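Subject: Structure for your review

Dear colleague,

Please find below the structure I promised to hand over. My notes on it follow, with the strands treated before the salt bridges.

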Amino acid sequence: MADDASPNASETRRSVELDGVEALRLLGSVSLGRIVFTRLALPTIRPVNHVLVDGDIVIRTHGDATLTRYAQQNGGEGAVVAYEADDIDPDTHIGWSVVVTGYARLVTDARELARYRALLRPWASQRMDHAVRISPDLVTGVRLTANDPTASA
């Protein structure tokens, strides 16, 4: 029997598109993702922890962060970002990946900010007084599954 971690392991896998509801559910089941935004006209990626609240992704940040300034752009419209999270087993190559594209807005309401502070504890020891809320406009995802040899019969 072939070892799943062999170079040919991908031959026994298939990719299945996820619907938006399932993709957001999976994203909400993990706490780490990567936010993609523009810095000096170039894409920038930062690992962050998050929480899913009412269908939106919330992350905490600090006042000097580039992301904090970026989310303040365009007034209340916010700034376009992408957010990615996944859970893929490195040995079996089975799991899922979700990408959300939408607008990131700095949270300015004191009660809303207090709620997010209670829900989400940053992993970094740095003081995080701000929160950014990402409203998904486009949600895509794939699940990597073992190929079922009986399905093609």
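**Strand β5 and its neighbours**

Strands β5 and β8 pair in the antiparallel sense over five bridges. Within this pairing, I59 has V132 of β8 as its bridge partner. Please bear in mind that this is a predicted model.

Strand β5 (residues 56-61) also pairs with strand β4 (residues 51-53), again in the antiparallel sense, over three bridges. Here V51 is matched with V58 of β5 as its bridge partner. The two strands β4 and β5 form a hairpin with two residues between them. In the turn, D54 has a positive phi of about 50°.

Is β5 enclosed or open to its surroundings? Six of its six residues are buried, so β5 is largely enclosed by the rest of the structure. In a regular strand, side chains alternate between the two faces of the sheet. In β5, D56, V58 and R60 are buried on one side, and I57, I59 and T61 are buried on the other, so that both faces are covered.

**Salt bridges**

The count of salt bridges comes to seven; three of the pairs are described here.

The side chains of D56 and R133 form a salt bridge, with N and O 2.6 Å apart. D56 lies in β5 and R133 in β8, so this pair ties together parts that are 77 residues apart in sequence. D56 has a relative accessible area of 12% and R133 one of 16%; because buried means under 20%, both residues are buried.

R133 also forms a salt bridge with E112, where the closest N and O atoms are 2.8 Å apart. This pair links distant parts of the chain, with R133 in strand β8 and E112 in helix α3 (residues 110-119), 21 residues apart. Unlike the buried R133, E112 is partly exposed, at 25% relative accessibility.

Which residues are linked in a network of salt bridges? Such a network joins E22, R25 and R143. Between E22 and R143, the closest N and O atoms are 2.9 Å apart. E22 belongs to helix α1 (residues 20-28) and R143 to strand β8 (residues 130-146), so their salt bridge ties together parts that are 121 residues apart in sequence. E22 is partly exposed, at 22% relative accessibility, and R143 is partly exposed with a relative accessible area of 27%.

Yours sincerely,

A colleague

Note on methods:
Residues are numbered from 1 along each chain as its sequence is written. This is a predicted model: local features need pLDDT of at least 70, side-chain atom pairs count only at pLDDT 80 or more; totals for chains, interfaces and linings use all residues. Side-chain values use heavy atoms; hydrogens and water are left out. A salt bridge is a side-chain nitrogen of Lys or Arg within 4 Å of a carboxyl oxygen of Asp or Glu. Helices (H or I, at least four residues) and strands (E, at least two) are DSSP runs, numbered from the N terminus. Buried means under 20% relative accessible area, exposed over 50%, partly exposed in between (1.4 Å probe, protein chains only). Two strands pair if DSSP finds at least two bridges between them.
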